[in-house]
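Here are a few friendly notes to read beside the model. Take them one at a time, and keep the picture open as you go.

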Amino acid sequence: MTAHRRFRRVVWMTAAAVAAMWALAWPASAHVTVHTDTPVVGASDAVVAFRVPNEQDAATVTKVAVQLPTDHPLLGVLVSPHPGWTSSVKQAKINPPVKTDDGTISEAVSEITWTASAAAAIPVGGYDDFTIDVGKLPDGQATLAFKAIQTYSNNQQVAWIDETVEGQAEPEHPAPVLTLGNSGAGATPSTTSTPAPGPTVAASTQATATTASGSDSTARALGIAGIALAILLGAGGYLLGRRTAARQH
């Protein structure tokens, strides 16, 4: 193998090593997710939180819109105050209406949009939790999907709306899914539905950003280490190629 071909091979191997390291360093859980403190079918007075990460390197998250299921509606939804953010609510007709002890309900919240002030936007490397109080979760429904759209300060939107199909690979932008267990003493929280953080977490974007930076820092450190290793391999290969070529001459 000539020195030129050896050098070209080392360059390709270096590029592949860098790509592999970045793929391993990227956090797999950096999706919009949904959590509840009461992961039980038909639960009353449940706090539901939507966790929104910032996945960009040079833009903040300025808006979050979440669509609530209307085929299995959440009843009695109240939006928790979120400092620095304003919220707007849309309602939709329920068909068929739901009968409760307090009467028949024909409308339910179908979409909630949170919009940030400039100072409250989710920073790079951070995340925030947006919470609602639900008077009653649906009966007989073990999973609830919530489509979410986040908007960045550079006007880019990411739509977390893809359906996750059991037995298939996770889509690139899966819709957040809340998994609920059966009521009773044996009911335990699902691994995909961890207890929602309290109001103190939602009240401070800066605090959540600091917490999130720990996992991001680990991922970035792995990526940087991979790049450094790839550069060293490339340099070593290049020097070896030059020495071999010099001997041949």
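1. In which sense do strand S1 and strand S2 pair, and over how many bridges? The pairing is antiparallel and runs over four bridges, with S1 covering residues 33-36 and S2 covering residues 44-53. To see one spot where they meet, look for His35, which stands opposite Ala49 in S2. Please keep in mind throughout that this is a predicted model.

2. Now step back to the whole chain. You should be able to find three helices and 11 strands. Reading along the sequence, the pattern is α-β-β-β-β-β-β-β-β-β-β-β-α-α. The chain has 249 residues, and 37% of them are buried. Have a look at the contacts too: among those with a separation of 6 or more, 73% are between residues 24 or more positions apart.

3. Strand S2 has a second partner to trace. S2 and S7 pair in the antiparallel sense over nine bridges. One place to check is Val52, whose bridge partner in S7 is Asp128.

4. While you are on S2, stop at Asp45, which lies in this strand. Its phi is positive, about 50 degrees, although Asp45 is not a glycine. Is Asp45 buried or exposed? Its relative accessibility is 56%, and exposed means over 50%, so Asp45 counts as exposed.

5. Next comes an open sheet of five strands. Follow the order S5-S6-S3-S9-S10, and you will find antiparallel pairing. Which strands stand at the edges? They are S5 (85-100) and S10 (157-160); each has a single partner strand, so one side of each is left without a neighbour in the sheet. From one strand to the next, the twist averages 15 degrees.

6. Stay at the S10 end of that sheet for a moment. Strand S9, residues 147-152, pairs with S10 in the antiparallel sense over four bridges. Here Ala148 stands opposite Trp160 in S10. The loop between S9 and S10 holds Asn155, another residue other than glycine with a positive phi, in this case near 75 degrees. Asn155 is exposed, with a relative accessible area of 66%.

7. At the other edge, in strand S5, you will find Pro96. What kind of peptide bond joins Asn95 and Pro96? The bond is cis, with omega at about 5 degrees.

8. Strand S5 also helps to line the second largest pocket, which has a volume of about 320 Å³. The lining is made of 14 residues, and Leu75, Val98, Thr100, Lys136 and Leu137 lie nearest the centre. S4 (75-79), S5 and S7 each supply at least two lining residues, and the largest share, three residues, comes from S5. Sorted by class, the lining has six nonpolar, four polar and four charged residues.

9. Last, visit Ser117, which sits in the loop between strand S6 (103-116) and strand S7 (127-136). With a relative accessible area of 36%, Ser117 is partly exposed. Try comparing sequence and space here: Ser117 and Lys63 are 54 residues apart along the chain, while their C-alpha atoms are separated by 9.5 Å.

Definitions and conventions:
Residues numbered from 1 in each chain as written. Predicted model: local features only at pLDDT ≥ 70, side-chain atom pairs only at ≥ 80, totals over all residues. Heavy atoms only, no water. Pairing = 2+ DSSP bridges. Axes fitted to C-alpha atoms, helices over the stretch in contact; angles between N-to-C directions. Buried < 20%, exposed > 50% of the residue type's maximum accessible area, 1.4 Å probe, protein only. 1 Å grid on protein atoms, 1.4 Å probe; cavity = no way out; pocket = protein on both sides within 12 Å on 5 of 7 lines; lining within 4 Å. Points joined across faces, edges and corners; volume = space filled by probe spheres on them. Nonpolar A, V, L, I, M, F, W, Y, C, P; charged D, E, K, R; others polar. Contact = heavy atoms within 4.5 Å.
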